[in-house]
Amino acid sequence: MDMPRLVKALEELPVSGNVLEVACGTGQWTQLLAGRARSLTALDAAPEMLRIARARMQDTPTRFIEADIFTWEPDRHFDTVFFAFWLSHVPPVEMEAFWDLLRWALAPGGCVVFFDDAPAKAEIEEAVAEAQVPTVRRRLADGSQHLTVKVLHDAAGLTKQLDGLGWEAHIEPVDTYHFAGIARPRGSE
């Protein structure tokens with residue numbers, strides 16, 4: 001991952017106000033969002049990831065929530081919902097419900113900001129052919145293997161899909177392997 005290029009791209013995206021980070025993981029992106037947020041809520045389903053993120057963010061007022069995004073109900077509205085490299089892990093059958101949740105989570109005039117892998121990333125992924133949803137095998141340094149959903153969206157196709165779900169989206173490549181997007185519910189301005 002070309003982190004310096006992605007960080008530079010993040011600086012140009014509209015992240016402000018009360019911010020929700022979906023799938024915060026270890027807090028790598030959380031720390032970059034903190035300085036731009038009036039308040040920051042970081043959500044993840046994995047307690048071990050949240051432990052690392054909390055330690056990384058210990059000197060900030062970041063609120064952490066352990067929850068499955070597919071069953072979570074927001075207790076407030078957010079000006080910005082951010083996620084990095086999460087959308088490709090959303091199973092196709094969950095896309096509409098996921099974007100409905102994001103619409104519910106947004107304050108009037110708010111936006112969703114995201115990064116993800118472009119289709120070129122398929123070159124370096126190990127696809128699992130027999131899986132019912134797009135899946136890849138990940139081999140970790142400790143030798144363990146894990147399967148994960150991996151749906152690689154192209155900018156035009158994702159823009160069209162979001163349009164069909166009632167969103168106005170602007171998605172641009174950051175580099176060969178990554179894209180950045182901004183989406184707003186249609187008619188929210």
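In this predicted model, the largest nonpolar core has 29 residues, and the members that touch the most others are Val81, Phe83, Phe98, Trp99, Val112 and Phe114. Helix or strand, α4 gives this core its largest share, six residues. A second, separate core holds 26 residues. Apart from the cores, five salt bridges are counted.

**Nonpolar cores**

- Two or more residues of the largest core come from each of β1 (18-22), β4, α4 (95-105), β5 (106-117), α5, β9 (167-175) and β10.
- Phe114, one of the residues with the most contacts to other core members, touches Phe83, Leu87, Trp99, Leu158, Leu162 and Ile171, among others.
- The contacts of Phe114 also include a run of neighbours in sequence: Phe179, Ala180, Gly181, Ile182 and Ala183. Residues up to four places away from Phe114 in sequence are left out of this list.
- Among the 26 residues of the second core are Ala9, Ala84, Cys111 and Ile182. Ile182 is thus a contact of Phe114 while belonging to the separate core.

**Salt bridges between parts of the chain**

- Arg38 and Asp79 form a salt bridge in which the closest N and O atoms are 3.1 Å apart. Arg38 sits in the loop between α2 (30-34) and β2 (39-44), and Asp79 in strand β4 (residues 78-84), so the partners are distant parts of the chain, 41 residues apart.
- The two ends of that pair are exposed to solvent to differing extents by class: Arg38 counts as exposed at 63% relative accessibility, and Asp79 as partly exposed at 24%.
- Asp163 and Arg186 meet in a salt bridge with an N to O distance of 2.5 Å. Because Asp163 lies in helix α5 (residues 155-164) and Arg186 in the segment after β10 (178-185), this pair ties together parts 23 residues apart in sequence.
- Both Asp163 and Arg186 count as partly exposed, with relative accessibilities of 43% and 41%.

**Other salt bridges**

- Arg63, Asp75 and Arg76 are joined into one network by salt bridges that share partners.
- Lys8 and Glu12 pair through their side chains, at 3.8 Å from N to O. This pair counts as a salt bridge because the cut-off is 4 Å.
- Glu12 is exposed, at 61% relative accessible area, and Lys8 is exposed as well, at 51%. Lys8 is placed in that class because exposed means over 50%.

Technical notes
Residues are numbered from 1 along each chain as its sequence is written. This is a predicted model: local features need pLDDT of at least 70, side-chain atom pairs count only at pLDDT 80 or more; totals for chains, interfaces and linings use all residues. Side-chain values use heavy atoms; hydrogens and water are left out. Buried means under 20% relative accessible area, exposed over 50%, partly exposed in between (1.4 Å probe, protein chains only). Helices (H or I, at least four residues) and strands (E, at least two) are DSSP runs, numbered from the N terminus. A nonpolar core is a set of buried Ala, Val, Leu, Ile, Met, Phe, Trp, Tyr and Cys residues joined through side-chain atoms within 4.5 Å. Contact means heavy atoms within 4.5 Å.
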